[in-house]
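Biologist: Could you walk me through this model and tell me what stands behind each label you use?

Modeller: Gladly. Have a look at it first, and then ask away.

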Amino acid sequence: MEEPAAAVARFKANYAVERKIEPFYKGGKVQLDQAGRHLFCVCGSRVNVLDVASGSVLRSLEQEDQEDITAFDLSPDDEVLVTASRALLLAQWAWREGTVTRLWKAVHTAPVAAMAFDPTSTLLATGGCDGAVRVWDIVRHYGTHHFRGSPGVVHLVAFHPDPARLLLFSSAADAAVRVWSLQDRSCLAVLAAHYSAVTSLAFSTDGHSMLSSGRDKICVLWDLRKLQVTKTLPVFESVEAAVLLPEEPAPDLGVTSPGLYFLTAGDQGALRVWEVASGQCVYTQPRPPGPGRELTHCALARAAGLLLSVTADHNLLLYDVRSLRLQKQFAGYSEEVLDVRFLGPDDSHIVVASNSPCLKVFELQSSACQILPGHTDTVLALDVFRKGRLFASCAKDQSIRIWRMNKAGQVACVAQGSGHTHSVGAICCSRLKESFLVTGSQDCTVKLWPLPRPLPSKSTAPDSGPVVLHAQTTQRGHDKDINSVAVAPNDKLMATGSQDRTAKLWALPQCQLLGVFAGHRRGLWCVQFSPMDQVLATASADGTIKLWSLQDFSCLKTFEGHDASVLKVAFVSHGTQLLSSGSDGLLKLWTIKNNECVRTLDAHEDKVWGLHCSRLDDHALTGASDSCVILWKDVTEAEQAEAQARLEEQVVRQQELDNLLHERRFLRALGLAISLDRPHTVLTVIQAIRKDPEACEKLEATVLRLRRDQKEALLRFCVTWNTNSRHCHEAQAVLGVLLRHEAPEELLAYDGVRAALEALLPYTERHFQRLSRTLQAATFLDFLWHNMKLPPLPAAPPALSNT
C-alpha cells in the first residue's frame, strides 16, 4: 500500500497513561463528614476518601495486613477514622495525613461487621460476626465493655445522641434491637417489633424518639423514655435506610406542618418522605427506568444540609436535603466497560458505556460525573457525530438513543428509536453532517436511521420528550450477529463485520451490497475505514488485523501480534498507523508501511472493549473489563525531545570531561564521569590518575573526597573492571584505597556492598594466583640466570722466566 501524500504527520512511537478512572467503591458503607466536603467509602482492602467538590480520590487508606475492610466509622468531630479488617485488627487513622496512629486487636473471634462512635468521639462500639458487642475508649486506648447475648452477626450498632444517658443500641440476626446500659453494664431491654433484619436506626434531635427500619416493609417509631413502640408505619418496600429529616419546613418535600418526618430508601429505587403523625407518604421521587436503581444506603450530613444515597449499581448521589435536588453524582464502580468515546468539540468530556443501562459522562478536567438513565438494559455501543456534542447509544433493550450535550456540559436524550428484534450491538454516526446513523444487531440486520432536520438545534431538555426515530432502510446483512458497523468518511459507503467471519461493503443510503471481504478464520469484532485511502481495516477473533482494498476486495496486509481476539482497531497518524486493542488486555501500535508493531502498551488487566482516538490525534481512550478507563497521551515528540536533550547534554559533558582531564583536575573529572554513569569513562580517568608520577597519593586523595553515593557507584564499576585482567589493576587500586581508609561498618552500609564483595572475591583470588605464579616464574628465572653465569676465567700464569 502506498503511503498517502497528505500524511505529513510523523509516525507515533509511544503512548503514556495520562489519567486513569478506576473503581473507588464496590459496595458497603459510605459516610460523609459533617461539612459535606469529604466522602468515605469502602473498596476492597481500602477506604477511599473523596473530595466532594472535584470527585477525585484524595486518599486511599489501606491497613498493613492488606485484608478486606469489613467496617469503618468517622468520629462526629471528623478527626478520627477507625477501620476494621478481616484479619481482626482495628486501625486508628489520622486520615488527613493518611497515617495509622494506633493498631490493636479487635478481640472478637470473628470479623467486625458494624462500628459506631459516641457523640463525644471518645467511645467506639464494635459489633462482631461472633455476636459480641465491645466498647473501646479511643483516647485512653483500652476496652471498656463487652456485651454478650446477641444471636448471630451484630450488623448494627449506634449510641444514643445524648452522651449523658450512656446507652448503646445494637441489632443482630433475630431482628430485635437491644438496649445496653454502659453504666450498669447490662441489657436494659430487647425491642422486638420487626420480622426481618433491622437495617437502620435514626434518633430525633431531642433524643426521646428512635426510628428503626427493616426489610419487612415497616418502620417503627420507639419512645426511648419508656422503651416502647409509639407507632408502626407500613412503607410498602424493603427499606435499607431511614433518615429522620430536620424539624423545619420543606414545602418541596411536602413537609408543611410541625412534627416528625422521615425519608426512606429501598428496593423501589426512589426516595420517599413520610409523615409520622398520619403515616402517609407526602413525597415520592421520580424513579428512573431500568434495573440496578434500587437504593442500598442513605445517610444525612445535617450540618452541610446534604443527603447521600447509594444505588445497587454503585452510583453515589448527593441531594440537597430540603428539596432533594441533585447536587453531585459519582460512579463508584463500572463493572465491565464496553465502549468509550470522547465528547465535546474539544474532547473535554468522555462518555462510558459499562455493564449497566445508565451511561456515565465524565468531565476530564474536574472528574465531575453525570449518570444518564434512559435505556432499560445494558448499553452495548456508542458513537459520536462529527461536531462532538451529539452522540448515539444502542443497547440490549433493542433500542437506540441520541443524546445532546449543551455548552454547560449537561446531557439529555433528544431522540430514541426501536425496530430491531434483538440486542443492538453496533452503531455508527454519519461522518459529514448530523444526518443519519446506522445500526447492526443480533437479528443479523442493519438499519439506517435518518435524523429529522430540526433535531440538531433542539434544546437540551425538550418539553415534549425525545423525538421518535424511524428506520428508513433495513437490510439482512449476515448469517450471524453483526458486531460492528462503520460509515466511510464521505458518507457514501458502509461496512459491516459479523460473527460469520466476513465483512461486507454497502452503498448508502439504499444499503446495496457491493462486495464481501472473506479471509478471517473467526468472527470479526471491528471494521474501520481509513481516513485517507480506499482501505478497510478489520479486527478478528483469530488474533489478526487485515487491511482490504475497497476496489477489488483483496487483502492487502495482515498484522499478527495479539495472542487473543482483536476487539477494536483505529487509524492514527493520518491513516499511516493503526492502534488495536485485544482481549489479552494489550494495546498495540502498528506502522502500516512496514507491518511493524512499534509499541505494545500494557495497562489493562482484562479485555479492552473500548478504543477511541481524539480529533487532534494526540490522545487515545480505552475501556476494559477490568472496570478501568484510561486516557493515553501521545508522548512521541516529548520522548524524542528528551532523547535529543540527553544526547546534547552528554556531548557537552564529554567535552567538559576532556577539558578537565587535559587540565589534570582529576577530582572534578572523576565526579563528572560517575554522574554520567559510564564505567569505561571512569576507568579512563582512573588510568589517567595512575599515570601520574605521584599516582598513589593522587588516587587516594581523589577517591576519598568523593561523596558516598559516588563511592558506591565506583565500587559497582570496580566489580565490572575486576572481571578483566587488563583492568583489574585499577579495580584493585580503588579497592585498596577504600579498604585502607573506610571503616568496615561504613563499607558494610554501602548499597549493594554484599553482592559486590561476592562478585569481587573469586576474580581477585584468580588475579592473585596469576600474580603469584608470575612472581614464582620470575624468581625461578632469576635463580637460573644466577646459576648459569660462567665462573670468571683464571688469571693467566706468569710467564716463565728465562733460565
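**Labels and their grounds**

Modeller: Let me start with overall dimensions: the protein has a radius of gyration of 38 Å, whereas a compact globule of 803 residues would have one near 28 Å. Please keep in mind that this is a predicted model.

Biologist: What box do the C-alpha atoms fill along the principal axes?

Modeller: Roughly 170 × 85 × 45 Å. Inside it, the secondary structure comes to eight helices and 57 strands. Of the 803 residues, 53% count as buried. Among contacts with a separation of 6 or more, 47% are between residues 24 or more positions apart.

Biologist: Let's turn to Lys 26. Why is Lys 26 called partly exposed?

Modeller: Its relative accessibility is 47%. Buried would need a value under 20%, and exposed one over 50%. The value for Lys 26 lies in between, so Lys 26 counts as partly exposed.

Biologist: Where is Lys 26 found, and what is it in contact with?

Modeller: Lys 26 is in the loop between strand S1 (15–21) and strand S2 (30–32). Setting aside neighbours within four places in sequence, its contacts are Val 42, Cys 43, His 314 and Tyr 333. There is also Glu 335: 309 residues separate it from Lys 26 in sequence, yet their C-alpha atoms are 9.4 Å apart.

Biologist: S2 follows that loop. What makes S2 an edge strand?

Modeller: S2 belongs to an open sheet of four strands in the order S2-S3-S4-S5, with antiparallel pairing. S2 and strand S5 (57–62) each pair on one side only, and they are the edge strands. On average, neighbouring strands here are turned by 20° against each other, direction ignored.

Biologist: How do you know that S2 and strand S3 (residues 38–43) pair?

Modeller: Pairing calls for at least two bridges. S2 and S3 have three, in the antiparallel sense, so they meet the rule. Gln 31, for instance, has Phe 40 in S3 as its bridge partner.

Biologist: Which strands are the edges of the S26-S27-S28-S29 sheet?

Modeller: That is another open sheet of four strands with antiparallel pairing. Its edges are strand S26 (295–301) and strand S29 (326–331), each pairing on one side only. Neighbouring strands are turned by 15° on average, direction ignored. Five bridges join S27 (residues 306–311) to S28 (residues 315–320), and Val 310 has Leu 316 in S28 as its bridge partner.

Biologist: On to the aromatics. Why is the pair of Phe 262 and Trp 274 called stacked?

Modeller: The count comes to 10 aromatic pairs. In this one the ring centres are 6.5 Å apart and the planes make an angle of 10°. A pair needs centres within 6.5 Å, and stacked needs planes under 30 degrees apart, so both conditions are met. Phe 262 lies in strand S23 (residues 261–266) and Trp 274 in strand S24 (residues 272–275), so the pair ties together parts 12 residues apart in sequence. Both Phe 262 and Trp 274 are buried.

Biologist: Which residues do ring pairs link into a cluster?

Modeller: Phe 517, Trp 548 and Phe 553.

Biologist: And what makes you say that the charged end of Lys 29 sits over the ring of Phe 72?

Modeller: The charged end is 5.1 Å from the ring centre. The distance limit is 6 Å, with a further limit of 35 degrees from the ring normal. Arg 102 also lies over a ring face, that of Trp 104, at 3.9 Å from the ring centre.

Key:
Residues numbered from 1 in each chain as written. Predicted model: local features only at pLDDT ≥ 70, side-chain atom pairs only at ≥ 80, totals over all residues. Heavy atoms only, no water. Helix = DSSP H or I, 4+ residues; strand = E, 2+ residues; numbered from the N terminus. Axes fitted to C-alpha atoms, helices over the stretch in contact; angles between N-to-C directions. Phe/Tyr/Trp six-rings, centres within 6.5 Å; stacked < 30°, edge-to-face > 60°. Buried < 20%, exposed > 50% of the residue type's maximum accessible area, 1.4 Å probe, protein only. Rg over C-alpha atoms; globule rule 2.2 N^0.38 Å. Contact = heavy atoms within 4.5 Å.
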